[in-house]
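Me: I should like to go through the reasoning behind several labels attached to this structure. Please set each value against its criterion.

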Amino acid sequence: QSDDEEAAQIWVDQYNQDVQGVYFDYVSADWTYNTNITDHNSQLANEKAAESAAFDNQKAIEANNWDWPNFQNESLKREFSKIADMGYAALSDEDFNNMTKLNSNMTTIYSTATVCNKPGDTNGTCYPLDPDLEEVMSSSRDWDELVWAWEGWRNESGRKMPDTYEQFAELLNKAAVINGYADNGEYWRSWYESADFRQICENLWLELKPLYQQLHAYVRSKLRDIYSGHTFPGTGHIPAHILGNMWAQSWLALEQEMRPYPNKTGLDVTDELIKQGYNNTGLFLLAEDFFVSLGMDPMVDNFWENSMIEKPTDGREVVCHASAWDFYNGIDFRIKQCTRVNTEWLITTHHEMGHIEYFMEYKHQPVQFRDGANPGFHEAIGDVIALSVSTPNHMESIGLLPEGADDPEVDMNFLMSEALKKIAFIPFGYLIDQWRWDLFGEEFDRNNYNGAWWDVRCRYQGISPPVTRSASGDFDAGAKYHVPANTPYIRYFVSYVLQYQFHKAMCDAANYVGPYHRCDVYKSNEAGDLLRAMMETGASRPWPEILEQMTGSRNMTAQPLIDYFQPLMDWLIEENADETLGWDETGCPVGSIV
Ligand SMILES: CC(=O)N[C@@H](CC(=O)O)C(=O)NC[C@H](CC1(C(=O)N[C@@H](Cc2ccc(O)cc2)C(=O)O)CCCC1)C(=O)O
Ligand SMILES: [Zn+2]
């Protein structure tokens, strides 16, 4: 490398020393706000965000004094290109402070909203989303009670945000344009380093749509029986509030009603967890044990000391939405979640710990490479481990399922429960950023924020609102955490494809023989080595290279996911022989959006 590059290497080494302290301060203040929502803590976090942005801005200017696009050293060039791409730090101090204030205003609305006047209540109790409204959405089978929770939550959270969101989006776009992108959507897509990323995602969705349509037709038919007193839209859409989840993004809560072989065991181990006296920490220890069995590190001491693993009972308001935190000092890693002892939280704890293990595997990397190879990689780590943990065999081996998991009918029940979580999610994972990218791209304006939202919800998910919604007055996208929190979402769609590619590669490395849905890589050194070799590279090289190193393919492909669910697909095609597949894909039922 030229002497210019040698000098640049010295500069970037100093950068890597300085940036860790700046990011540590910002993350620490953000953690304090998230685990104790007060105006004071929000103000402090916003100030630290501004200091961090000022640092990023300054370093981007310094980095651009070098001719880094012509560096010979690929890694050094990649590091400089990331430092130079400063994101929202490009905004003026005033715009940046305004943006963080708008963001925390919406996050506070979302995290503190409650819904009152529950049917049958006489004491005027008001209920938060987590755990109360989510509990209603998953366990109630009372149409009107479900409407109360579904509509109430949207009116108390999203409906208070659209004007704030409009200003917020303008600032995100302003930063993107300063950095040379057409809009914030193009900036977000740039992290995937693929010119035709939108087309790649659309093609993956089209490959997966037949599987989703089969599941949708089967579930719709069963729900018509359960709610026989209510009419479903003639267009084939399923009312959004009866799918067992506030956003209809997972239908796992319907597992018992949807079970192919009802007289055989399902895969809900909640009762067993409680019977065996599991507490929240016990779920974390189960997850840690699996990662350690693959050769990864156990949770560090300060993880146990500083994490927030359950909702505080001291009256503090917290952001309950689960998250995993890297403090960028190579020492401090934490999880914040309002854990409850049940099957869903067992899986979620694996998901969050997957982030922590990735943080720890790449902590030696320069700071700009301490990220997923692309954001979908980060979301796939915990989930790919959960694919092994969820198998009947594994659940039996850790004593959470009775003997006899080796039964083909139990197998089909297992595949159905996985499909209710994973296949049901696919269109949802896809549509959120379709809507946001189009909003940033000004494909629709403030008067149709909610109309455009329900257009993608009806077209991709084949669901419709159970009560009339207003195209401009309501803002139902804001009722989903990631929109006010400004967390991009296509990463989950990408993860749901990648995790089956990872799972196949790890099972092959472990010399597993048999159907992939029964594969459990617990304690496999070969599978662990393969996954860890991928994780420790962080974002140091383009993700197609890293994917090829692990799976032999440079591309995302839906084939492993389709192969995994093939036995269920065959069963569903049989079951749906007399069903009309699909729904009117031109939009929502007439009159549902006004
Ligand atoms: C500091 C920070 O923010 N860190 C990032 C991680 C990082 O970027 O390093 C982070 O912790 N993000 C939070 C987010 C939380 C969850 C989530 O939001 N999930 C999606 C979609 C989904 C659903 C089911 C599933 O199995 C997998 C995904 C949803 O619930 O809609 C909620 C429980 C599961 C994951 C997360 O962990 O991804
Ligand atoms: Zn995640």
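**Disulfides and the ligand shell**

Reply: In this predicted model, the link of Cys-507 and Cys-519 is left-handed, with -105 degrees about the S-S bond. Cys-507 lies in helix α19 and Cys-519 in the loop between α19 and α20 (525-535), so the pair ties together parts that are 12 residues apart in sequence.

Me: What makes Cys-507 and Cys-519 a disulfide?

Reply: The criterion is a pair of cysteine sulfur atoms within 2.5 Å. The sulfur atoms of Cys-507 and Cys-519 are 2.1 Å apart, and therefore the pair qualifies as a disulfide.

Me: Why is Cys-519 called buried or exposed?

Reply: Buried means under 20% relative accessible area. Cys-519 has 1%, so Cys-519 is buried. Cys-507, at 0%, is buried too.

Me: Why is Cys-116 described as partly exposed?

Reply: That class lies between the limits of 20% and 50%. Cys-116 has a relative accessible area of 26% and therefore counts as partly exposed. Its disulfide partner is Cys-126, which is also partly exposed, at 35%.

Me: How do you know which hand the disulfide of Cys-116 and Cys-126 has?

Reply: The torsion about its S-S bond is about 105 degrees, so this disulfide is right-handed.

Me: What makes the approach of Tyr-492 to ligand 1 a polar contact?

Reply: A polar contact requires a pair of N or O atoms within 3.5 Å. An N or O atom in the side chain of Tyr-492 is 2.6 Å from an oxygen atom of ligand 1, so the pair meets the criterion. The protein covers 80% of the 740 Å² of accessible area that ligand 1 has on its own.

Technical notes
Residues are numbered from 1 along each chain as its sequence is written. Chains are lettered from A and ligands numbered from 1 in the order in which they are written. This is a predicted model: local features need pLDDT of at least 70, side-chain atom pairs count only at pLDDT 80 or more; totals for chains, interfaces and linings use all residues. Side-chain values use heavy atoms; hydrogens and water are left out. A polar contact is a pair of N or O atoms within 3.5 Å; within protein, one must be able to donate a hydrogen and the other to accept it, and residues adjacent in sequence count only if both atoms are side-chain atoms. Accessible areas come from the Shrake-Rupley method with a 1.4 Å probe; for residues, only the protein chains shown count as cover. Buried means under 20% relative accessible area, exposed over 50%, partly exposed in between (1.4 Å probe, protein chains only). Helices (H or I, at least four residues) and strands (E, at least two) are DSSP runs, numbered from the N terminus.
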